[in-house]
Amino acid sequence: MKFIVSSSTLLKQLQQISGVINSNTVLPILEDFLFQIDKNELTVVATDLETVMKVKLEVEAKETGRICIPAKILMDSLKNLPDQPLTFNIDLNSFAVEITSDNGKYKVMGENPENFPKEPAAEDATNFTMISSALLTAINKTLFAVSNDDLRPQMTGVFFELHPDSITFVATDAHRLVKYIRTDVKCPQTDSFIVPKKPLNLLKSAIPDNDSEIRIAYSNNHFFVSHQNAQMICRLIDARFPDYKVVIPKDNPYRLTLVKSDFQNALKRVSVFANKSTNQVALSISGAELQLSAQDVDFSFEGNERMSCQYSGEDMQIAFNAKFLIEMLHAAEGDEITIDLSAPTKAGILRPVEKAEEEDLLMLVMPLLMNN
């Protein structure tokens with residue numbers, strides 16, 4: 001079997017899917033790409049048994065066939081080749097692969113494609129479409145709040161809650177929670193499922209930030225995303241997502257309004273002096289002034305800053321993890337944000353002041369106990 005492909009095109013497509021491959025995998029075949037040639041179309045597949053990534057590209061070929069090629073050596077060689085046509089000659093009996101470039105010849109040993117894991121079929125799947133940039137925004141606004149605690153698998157992914165005229169994305173690690181709603185999506189039925197963190201991270205580089213349409217499907221166990229020449233399939237998390245609605249306070253009467261960039265930069269400066277295990281920064285709000293303070297008693301570090309704010313409510317002192325606040329501010333669009341508060345021991349709710357018509361973002365963060 002023989003095919004000809006542009007080296008830069010092939011590298012670009014492989015880079016989209018190579019992130020799925022684990023370096024310390026149990027099965028050696030999982031370190032390979034599966035190449036499938038059908039007329040002038042090449043499909044490349046990578047998997048870690050939980051997630052499958054596929055890309056299609058045009059090549060020059062007359063035959064049909066399949067081969068597994070080790071991913072690392074192929075990627076390393078392509079990175080060092082200037083853009084040029086490459087000829088792949090494959091012996092389908094011995095699985096030997098010979099790559100010919102303008103000035104060189106490179107040989108690698110492929111593997112039997114029959115040993116490559118079969119991908120799940122989208123049988124009995126429910127389908128809907130959404131704009132690519134909408135899914136990308138939803139991933140970027142929620143993924144940072146996903147838990148890394150494998151003992152609580154239900155929190156290690158993003159919760160998709162489907163409604164006929166909207167879709168809600170929720171992520172939490174028990175210290176903070178992000179809820180992002182899109183009202184420009186029509187779902188076929190009310191439903192919900194949890195998508196793991198890794199495939200969503202991989203999707204970020206596989207789908208474009210534009211208004212092109214992507215197809216989403218889900219079954220009892222799997223989640224499918226297709227966009228033009230790329231596809232991702234992953235196993236859903238088999239667990240019940242916590243009832244997030246009961247966590248969100250209904251009435252936080254005190255409102256703090258801040259210029260986002262000023263607050264973010266002040267937090268970054270002050271948190272340098274905070275205890276590294278808690279990242280605790282105390283906020284003292286009094287009238288139109290906010291004071292930020294952090295200290296690390298072990299090293300006698302201390303940082304204090306003042307900034308102006310708008311505040312309606314009783315004077316308050318409340319402490320938060322500065323790292324969490326900085327990540328949340330990064331996810332909020334616009335120049336100003338509000339933080340709704342009720343008491344030093346109750347959750348704060350952070351929202352952007354400006355928002356687009358088709359979206360709604362709410363972020364909740366639990367306070368830390370003040371170490372007076």
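Visitor: Why is Ala-122 called partly exposed?

Guide: In this predicted model, local features need pLDDT of at least 70 and side-chain atom pairs count only at pLDDT 80 or more, whereas totals for chains, interfaces and linings use all residues. Residues are numbered from 1 along each chain as its sequence is written, and side-chain values use heavy atoms, leaving out hydrogens and water. Buried means under 20% relative accessible area, exposed means over 50%, and partly exposed lies in between (1.4 Å probe, protein chains only). Ala-122 is partly exposed because its relative accessible area is 47%.

Visitor: Where in the chain is Ala-122 placed?

Guide: The C-alpha atom of Ala-122 is separated by 38 Å from that of Leu-81, 41 residues away along the chain. Helices (H or I, at least four residues) and strands (E, at least two) are DSSP runs numbered from the N terminus. In these terms, Ala-122 belongs to the loop between strand E9 (105–109) and strand E10 (126–131).

Visitor: Which residue in the loop between E9 and E10 has a positive phi although it is not a glycine?

Guide: The residue is exposed, with a relative accessible area of 78%. Its phi is about 55°. The residue in this loop between E9 and E10 is Asp-124.

Visitor: What is the phi of Leu-49?

Guide: Leu-49 is placed in the loop between strand E3 (41–47) and strand E4 (51–58). Leu-49 is partly exposed, as its relative accessible area is 45%. Its phi is positive in a residue other than glycine, with a value near 80°.

Visitor: How many strands does the protein have?

Guide: The C-alpha trace spans about 80 × 50 × 35 Å along its principal axes. Of the 372 residues, 51% are buried. The secondary structure consists of six helices and, alongside them, 26 strands.

Visitor: Which helix supplies the largest share of the largest nonpolar core?

Guide: A nonpolar core is a set of buried Ala, Val, Leu, Ile, Met, Phe, Trp, Tyr and Cys residues joined through side-chain atoms within 4.5 Å. The largest has 106 residues, and Phe-33, Phe-88 and Phe-263 are among those with the most contacts inside it. The largest share of this core, seven residues, comes from helix H6 (residues 322–331).

Visitor: Which residues of helix H6 are touched by Phe-263?

Guide: Contact means heavy atoms within 4.5 Å. Leaving aside residues up to four places away in sequence, Phe-263 touches Leu-258, Met-307 and Ile-339, among others. Helix H6 covers residues 322–331, and the residues touched there are Leu-325 and Leu-329.

Visitor: What is the volume of the largest pocket?

Guide: On a 1 Å grid over the protein atoms alone, a pocket is an open set of points with protein on both sides within 12 Å along at least five of seven lines, and lining residues have an atom within 4 Å of a point. The largest pocket is lined by 16 residues, with Phe-193, Ser-219, Asn-220, Asn-221 and Leu-236 nearest its centre. Strand E14 (residues 191–196) gives the largest share of that lining, four residues. Taken as the space filled by probe spheres set on grid points joined across faces, edges and corners, its volume is about 320 Å³.

Visitor: How much space lies in the largest cavity?

Guide: A cavity is a set of grid points where a 1.4 Å probe fits but cannot get out, and the search finds one of 30 Å³ or more. Its lining includes Met-53, Leu-203 and His-227. Helix H4 (197–206), strand E16 (222–227) and strand E17 (230–235) each supply at least two lining residues. The space in the largest cavity is about 50 Å³.
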